[in-house]
Amino acid sequence: MVRFKNITTAVVFIFAIAFIFAAALHSLEEPLERDLTTYGYIGHALLSGEHLYSELWDHKPPGIHIAFALAEIIWGYGQQSISFIWILVSILSILQIYLILDKISGWQAALVGVIYYTLSSNSIHLQANQPNTEIFINYFTLIAIWALVQTPIPNTRHLHIAGWAMGIATMFKPVAIFVIAPMLLYVLIRKHTVEKELNYRSLLPTGLMLLYPVPLLWGSMFGYAFLLGRFDDFWDVLIVYNSQYAGNSIRNIWAFLTHPNYLFPQSLTGIWILVLQGYAWLFIGSRSKRVKVPHYFFVFMTMGVLFEIGSLGKNFAHYFQVLIPVCVLNSSLLIYYVLDEMKMRRWSRLLLAAVLLSITLGTMINFQIKFFRHDPIEISLEKYERQFIDAWEIGQEINAITSPDDLIYYWGSESGVYYYSQRKSASGIFYNLPLKDKNNNQIETLKSRLLADLEETPPDVFIWNSKEGHFKNSHLYDFVTESYQLLGNRSYFQIYVNNPEKYEF
């Protein structure tokens with residue numbers, strides 16, 4: 001039996017790793033979405049000595065930018081580094097899935113989980129085949145879950161591991177805090193249930209061991225900013241702007257939970273069978289006697305993830321990627337329960353489990369067939385229409401007509417113009433989303449800062465996206481028309497240069 005387990009496990013992991021590499025290489029040349037090119041551009045700029053928030057404007061915490069900078073050190077400045085990040089984190093995630101399920105249920109359920117995660121983790125409907133912040137949040141959440149299920153009552157070491165994992169997750173996106181709350185609730189209930197203790201002297205240290213890494217990490221970051229005289233920059237972006245961007249989190253969560261179109265958006269199409277089974281486990285799983293973790297743990301974790309998504313107040317597809325781990329865990333346990341515990345005759349259980357497994361695998365494999373039939377351009381079209389293909393094309397065009405030392409500035413939201421041209425922006429406010437956000441009270445300040453940047457370090461090439469409106473209405477119009485001439489148009493991009501003799505199409 002041990003030999004069969006080892007051989008089967010090895011075969012499944014070989015398949016999973018090979019599939020992850022194949023999926024990444026298949027979409028290696030897919031034009032990237034703005035978040036990814038933003039992280040790639042900022043990671044490169046950080047390595048060049050520029051400063052996040054003070055010079056480089058982005059409203060994400062520094063975790064994602066540091067990750068992309070490290071990837072560039074290892075794999076270079078280009079799309080290959082982004083693909084290898086996805087490969088690495090995906091492989092580490094399936095390992096965590098296996099370790100969690102093997103601990104709480106057994107190796108059979110663990111291998112089902114590995115297969116489920118592998119087939120769902122690159123869903124193009126969720127924009128999951130590339131490493132946005134959610135893939136990192138998922139990985140560190142899985143580490144925390146693994147730590148919490150190692151013993152009947154999480155011990156000191158495991159509480160520290162879980163706390164640090166979730167603390168790091170908040171450095172990629174603060175909404176990970178909504179998953180820490182149900183973890184804390186589980187730990188306190190479990191401690192009370194097993195030890196029959198309910199007093200502050202016992203529970204307070206336990207809770208603090210799980211919670212302290214978050215304020216320590218964020219406090220250290222703001223302390224670092226304060227020592228460097230950049231506290232206001234960090235505060236204005238990470239706290240003030242993000243609170244305006246997301247709005248009232250409690251109101252957002254209520255709206256999310258009370259609207260079925262939010263709970264079941266079209267973006268879940270690729271993993272709908274996992275989501276349905278994952279939710280079913282929340283109602284059925286309490287009957288299981290063999291899962292070594294109380295059923296309320298899975299209920300708490302699923303609700304925490306839903307709060308995490310809902311708190312943002314927006315319905316972007318990639319936000320729902322954080323459902324993948326909990327749905328994989330829940331649906332794997334459901335299959336194991338049906339196969340091994342459900343009160344039916346043995347052959348009936350085997351048949352029902354085979355049907356569920358066949359439907360789940362058949363559905364996900366069908367989506368994978370569609371994925372591999374698309375070329376990289378078609379994948380981008382399926383996910384985003386032409387928006388980022390256009391940015392990819394104009395970025396390559398700018399790369400061809402400029403030299404590496406040329407500064408450029410692009411008025412638009414597609415940071416891929418910088419990433420694919422591999423040219424430096426003349427301003428740290430290198431995309432215009434914060435300048436168009438009606439909830440941002442600092443628009444005029446940012447506009448003034450942008451104009452001052454361009455006057456201090458004038459770009460050699462200025463690109464205007466005509467989809468952004470009439471150029472004459474822009475606060476940059478006078479600056480550009482006084483010193484630049486129109487070189488030409490590419491689709492809806494107008495290209496201005498300050499030295500027409502130097503550039504040509």
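## A first look inside this predicted model

Isoleucine 389 is a good place to start: with a relative accessible area of 1%, it is well under the 20% cut-off, so it counts as buried. Keep in mind that what you're looking at is a predicted model. The protein chain has 505 residues, and 57% of them count as buried. Below is a quick tour of the overall build, two residues, and the empty spaces.

**The chain as a whole**

- The secondary structure of the protein chain adds up to 23 helices and five strands.
- The radius of gyration is 25 Å, close to the 23 Å that the globule rule gives for 505 residues, so the chain is as compact as a globular protein of that length.
- If you box up the C-alpha atoms along the principal axes, you get roughly 80 × 55 × 40 Å.
- Take the contacts in the protein chain with a separation of 6 or more: 72% of them are between residues 24 or more positions apart.

**Isoleucine 389**

- You'll find isoleucine 389 in helix 19.
- Leaving out residues up to four places away in sequence, isoleucine 389 touches Pro31, Ile377, Ser380 and Leu381.
- Isoleucine 389 and leucine 32 are 357 residues apart in sequence, yet their C-alpha atoms are 8.0 Å apart in space.
- Leu32 turns up again in the lining of the second largest cavity.

**Aspartate 406**

- Aspartate 406 sits in the loop between helix 19 (387–401) and strand 1 (407–411).
- Its relative accessible area is 4%, and since the cut-off for buried is under 20%, aspartate 406 is buried.
- The side chain of aspartate 406 makes a polar contact with the side chain of lysine 502, at 3.0 Å.
- Setting aside neighbours within four places in sequence, aspartate 406 is in contact with Arg423, Lys424, Asp460, Lys502 and Tyr503.

**The largest pocket**

- The largest pocket has a volume of about 990 Å³.
- It is lined by 44 residues, and the ones closest to its centre are His59, Lys60, Tyr245, Leu312 and Tyr319.
- Several elements give two or more residues to this lining, among them helix 2 (34–47), helix 8 (177–195), helix 10 (213–227) and helix 19.
- Helix 11 gives the most to the lining of the largest pocket, with seven residues.
- By class, the lining of the largest pocket breaks down into 23 nonpolar, twelve polar and nine charged residues.

**The cavities**

- A search of the whole structure turns up seven cavities of 30 Å³ or more.
- The largest cavity comes in at about 70 Å³.
- Residues lining the largest cavity include Trp86, Ser90, Tyr117, Gln130 and Ile324.
- Helix 4 (79–104) and helix 6 (133–148) each supply at least two residues of that lining.
- The largest cavity's lining has five nonpolar, five polar and no charged residues.
- The second largest cavity holds about 60 Å³ of space.
- Among the residues lining the second largest cavity are Ala24, Leu28, Leu32, Ile82 and Gln130.
- Helix 4 gives the most to the lining of the second largest cavity, with three residues.
- For the second largest cavity, the lining divides into five nonpolar, five polar and no charged residues.
- Gln130 lines the largest cavity and also lines the second largest cavity.

Note on methods:
Residues are numbered from 1 along each chain as its sequence is written. Side-chain values use heavy atoms; hydrogens and water are left out. On a 1 Å grid over the protein atoms alone, a cavity is a set of points where a 1.4 Å probe fits but cannot get out, and a pocket is an open set with protein on both sides within 12 Å along at least five of seven lines; lining residues have an atom within 4 Å of a point. Grid points are joined across faces, edges and corners, and a volume is the space filled by probe spheres set on the points. Helices (H or I, at least four residues) and strands (E, at least two) are DSSP runs, numbered from the N terminus. Ala, Val, Leu, Ile, Met, Phe, Trp, Tyr, Cys and Pro count as nonpolar, Asp, Glu, Lys and Arg as charged, and the others, Gly among them, as polar. Buried means under 20% relative accessible area, exposed over 50%, partly exposed in between (1.4 Å probe, protein chains only). A polar contact is a pair of N or O atoms within 3.5 Å; within protein, one must be able to donate a hydrogen and the other to accept it, and residues adjacent in sequence count only if both atoms are side-chain atoms. Contact means heavy atoms within 4.5 Å. The radius of gyration is taken over C-alpha atoms; the globule rule is 2.2 Å times the number of residues to the power 0.38.
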